[in-house]
Amino acid sequence: MTAEPNAAAASADSPAPADFIRDVVASHVAEQRYPAGIVTRFPPEPNGYLHIGHAKSICLNFGIARENRGRCNLRFDDTNPAKEDLEYVRSITADVRWLVAGWAEENLGLKPAAARPAALPGPGGEADFYAAPAPSGTPDAEAFFASDYFEALYAFAERLILAGRAYVCDLSAAEIEAHRGTLDQPGRVSPFRDRPPAENLDLFRRMRAGEFPDGARTLRAKIDMAAPNIWLRDPLLYRIRHVAHHQSGTAWCVYPLYDYAHCLSDYLEGVTHSICTLEFEVHRPLYDWILEALALPLALPRALPRQYEFAKLNLAYTIVSKRRLLQLVQENAVAGWDDPRMPTLAGIRRRGVPAAALRTFVTGLGVTKFDSLTEIAVYENAVRDALNAAAARRLAVLRPVKVVLTNVAGDEVLECRATDNPQDKNPTTRPVALTREVFIESDDFAEVPPPKYFRLKPGGEVRLKYAGIIKLEEIVKDAAGALVELRCTLDRTTRQGEPNSDRKVKGTIHWVSATRCVTAEVRLYDRLFTVPEPAAEPDFLKVLNPRSLEVVTARLEASLATATPDARFQFERLGYFTADPKDSAPDRLVFNRTITLKDTWAK
RNA sequence: UGCUCGAUGGUGUAAUGGUAGCACAAGCGACUCUGACUCGCUUUGUCUAGGUUCGAGUCCUAGUCGGGCAGCCA
């Protein structure tokens, strides 16, 4: 294959990958199959928060739009008001904008506020429709909604009835199930299957008018009750639901089902490539059937959308299922959808993971039809990699042990220069104060050290980073044998700028002045589950990690007192941390641990 | 027992009939004022059996194993 001529590979994210779907798009571009451009869509149902699995879909759909200078519509697939909620519309919108910001926001397809699809009369006077996107930069543009299309969808349904391709069925839910047959047994036709179109039309109009109770009748496609593909056995198109909708209010009491609404929503928006996950593979013939049965397009030459399926993300030690995530929230296993332990985009964001890290992670995975399980290490590597380059280094002690430098006076302040980020070409520095009393990490001291222990031990030396080398002279304990403090001497000739400053010692540890520091609550997060495949468990709530959250009171260098949630830090030798956007305040600092540093010694 | 999709190192993927490559993981080493980062080296792979071909991970046939599908959910 030759170079891609117009790929937007210039911008600084991960390079545009190749996969079987992008190959199809590329060939369509080459043959100019879609003169109006490439249009994809991301179609969440607002019945839960977006999670890391959705990130894969978002990056695929927006990535394809971006690489082809096309558009990816954000569309709420809101055809089941009973399960949906405005709060989810709000959170999903925010999450998509966050993931796409600075990367593909120009390809985000929105519609003008409150817009409905425009009616386009066909040659025979039939109504066709088109849902135009808002020009980029439209101030109050908003997401598309399938509920915007209820009127258009209804008009198409009447056409289907008139064409003898759909009928009103009076069978109950149980009867329909009984008539459907099984995987290896054909179904039986409904006694209402051959109702004349005029009667169907009358009944369907009365369904809409609210004359019948929930479940009394349905509109069904007339396809083939003996089809080996169950989704072709006269699938339901409309059901009666006397329930208010978060967008359309009480205007409707008949609501379209997914298979009917989705393909037509794609069509109305001019979507060219409708990309979904593997479980919809068997629905594709129905997707195509509906578009074909309506003989679309009626007005304006328009290429029909086509559906393509890929394998969704499965990540080890995590749950990627809105239903199960909702369960975690409802049963208070976590502190909400945006709990930093949750694999939701809101939780991941709050935990401190940059959007770019998520994007590199999911695009690096590739797109296939193979049902795989991705190791968590791949995700963690992407997070560390992004943070290593971006995060300012700071000194912080999570579990403090007091050290007294016996040869430093009580009122003495030795200023040290600490490097903000050694990864920078021209790293900046900041002052940190060394005083007589400091805290070190309890892990960095061992009275009885294991083999190859490089940290502080009886009679041993260690470097306090940026400050100088200290030697442990005395271990002070209380009457009960508990450690009170470590008494050390500072070798002043090893301070920065002093002649022995590059003297080698095996260990360098972090520290914080006991008198010039701030106290903070630090939340140490670990994986939420103890097994690689919690979803495969009979009860996934039984394999929750009891130690997924540990809260410590830490001491931080004074400069962290003004940290805001948009800043990412590396607490040296510990990991990456960020101020919690909900709970941290100047007078009560709260930090989240995004991820630890890799620790090859711990093994 | 129906239909449908899939199978490449430990994991995720690339190779579009022509040298099985990349990333992560793992192991060893170097460097180190972060046991991090970085760098070097190493281990490990085309599900099976036939066939087509000068040549097969790729094409064909059969098998094996795995996923998905029987909501008035999406």
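Analyst: Let's start with the word you'll meet most: a residue is buried if 20 or more other C-beta atoms lie within 10 Å of its own, exposed if 12 or fewer, and partly exposed in between, with C-beta atoms placed from the backbone. This is a predicted model, where local features need pLDDT of at least 70 and side-chain atom pairs count only at pLDDT 80 or more, while totals for chains, interfaces and linings use all residues. Residues are numbered from 1 along each chain as its sequence is written, and chains are lettered from A and ligands numbered from 1 in the order in which they are written.

User: Okay, what makes Arg 350 buried or exposed?

Analyst: Arg 350 has 23 other C-beta atoms within 10 Å, and that count falls in the buried class, so buried is the right word. Arg 350 sits in helix H10 (residues 345-351); helices (H or I, at least four residues) and strands (E, at least two) are DSSP runs, numbered from the N terminus. Leaving out residues up to four places away in sequence, Arg 350 touches Asp 338, Pro 340, Asp 580, Pro 581 and Asn 592. Touching, or contact, means C-beta atoms within 7 Å, again placed from the backbone.

User: How do you know which class Arg 69 falls into?

Analyst: Count again: Arg 69 has 14 other C-beta atoms within 10 Å, and 14 lies in between the two cut-offs, so Arg 69 is partly exposed. Arg 69 lies in the loop between H2 and strand S2 (71-76). The phi of Arg 69 is near 50 degrees, a positive value in a residue other than glycine.

User: And why is Asn 332 put in its class?

Analyst: Asn 332 has 8 other C-beta atoms within 10 Å, a count that meets the exposed cut-off, so Asn 332 is exposed. Asn 332 is in the loop between helix H9 (322-330) and H10, and its phi is positive too, about 55 degrees, although Asn 332 is not a glycine.

User: What makes Ala 198 buried or exposed?

Analyst: Ala 198 has 10 C-beta neighbours inside 10 Å, which again meets the exposed cut-off, so Ala 198 counts as exposed. Ala 198 belongs to helix H6 (residues 197-209). Ala 198 and Ile 161 are 37 residues apart in sequence and 8.3 Å apart in space, C-alpha to C-alpha.

User: How do you know the length of helix H7 agrees with what it should span?

Analyst: The expected span is 1.5 Å times one less than the number of residues. H7 (residues 258-269) has 12 residues and should span 16 Å; its end C-alpha atoms are 16 Å apart, so the two agree. Just after H7, Gly 270 takes a positive phi of about 75 degrees.

User: Why say H7 is largely enclosed?

Analyst: Because 10 of the 12 residues of H7 are buried, the rest of the structure largely encloses this helix. Among those buried are Tyr 260, His 262, Leu 264, Asp 266 and Glu 269.

User: What makes the buried residues of H8 one face of the helix?

Analyst: In H8 (residues 284-293), the buried residues are Leu 286, Tyr 287 and Ile 290. Seen down the axis of H8, they fall within an arc of 110 degrees, so they line one face; the arc is taken over the directions from the helix axis to the C-beta atoms. That fits the usual picture: an α-helix has 3.6 residues a turn, so residues three or four places apart point the same way. H7 and strand S12 (306-310) are among what covers the buried residues of H8. In the loop between H8 and S12 you'll find Pro 297, joined to Leu 296 by a cis peptide bond with omega about 0 degrees.

User: Why is there talk of a nonpolar core, and which residues touch the most other members?

Analyst: A nonpolar core is a set of buried Ala, Val, Leu, Ile, Met, Phe, Trp, Tyr and Cys residues joined through C-beta atoms within 7 Å. The largest one here has 143 residues, and those touching the most other members include Ala 157, Leu 264, Trp 511 and Val 512. Helix H2 (residues 52-67) supplies the largest share of this core, 8 residues. Val 512 is in contact with Leu 395, Phe 439 and Cys 517, among others, leaving aside neighbours within four places in sequence. Overall, 40% of the 603 residues in chain A are buried.

User: What makes a residue part of the surface near RNA strand B?

Analyst: Its C-beta atom, placed from the backbone, has to lie within 6 Å of the strand. For RNA strand B, 69 residues surround it, the closest being Asp 77, Asp 184, Arg 239, Gly 366 and Ser 372. H12 gives the most to this surface, with 4 residues.

Definitions and conventions. Two residues are in contact if their C-beta atoms, placed from the backbone, lie within 7 Å.
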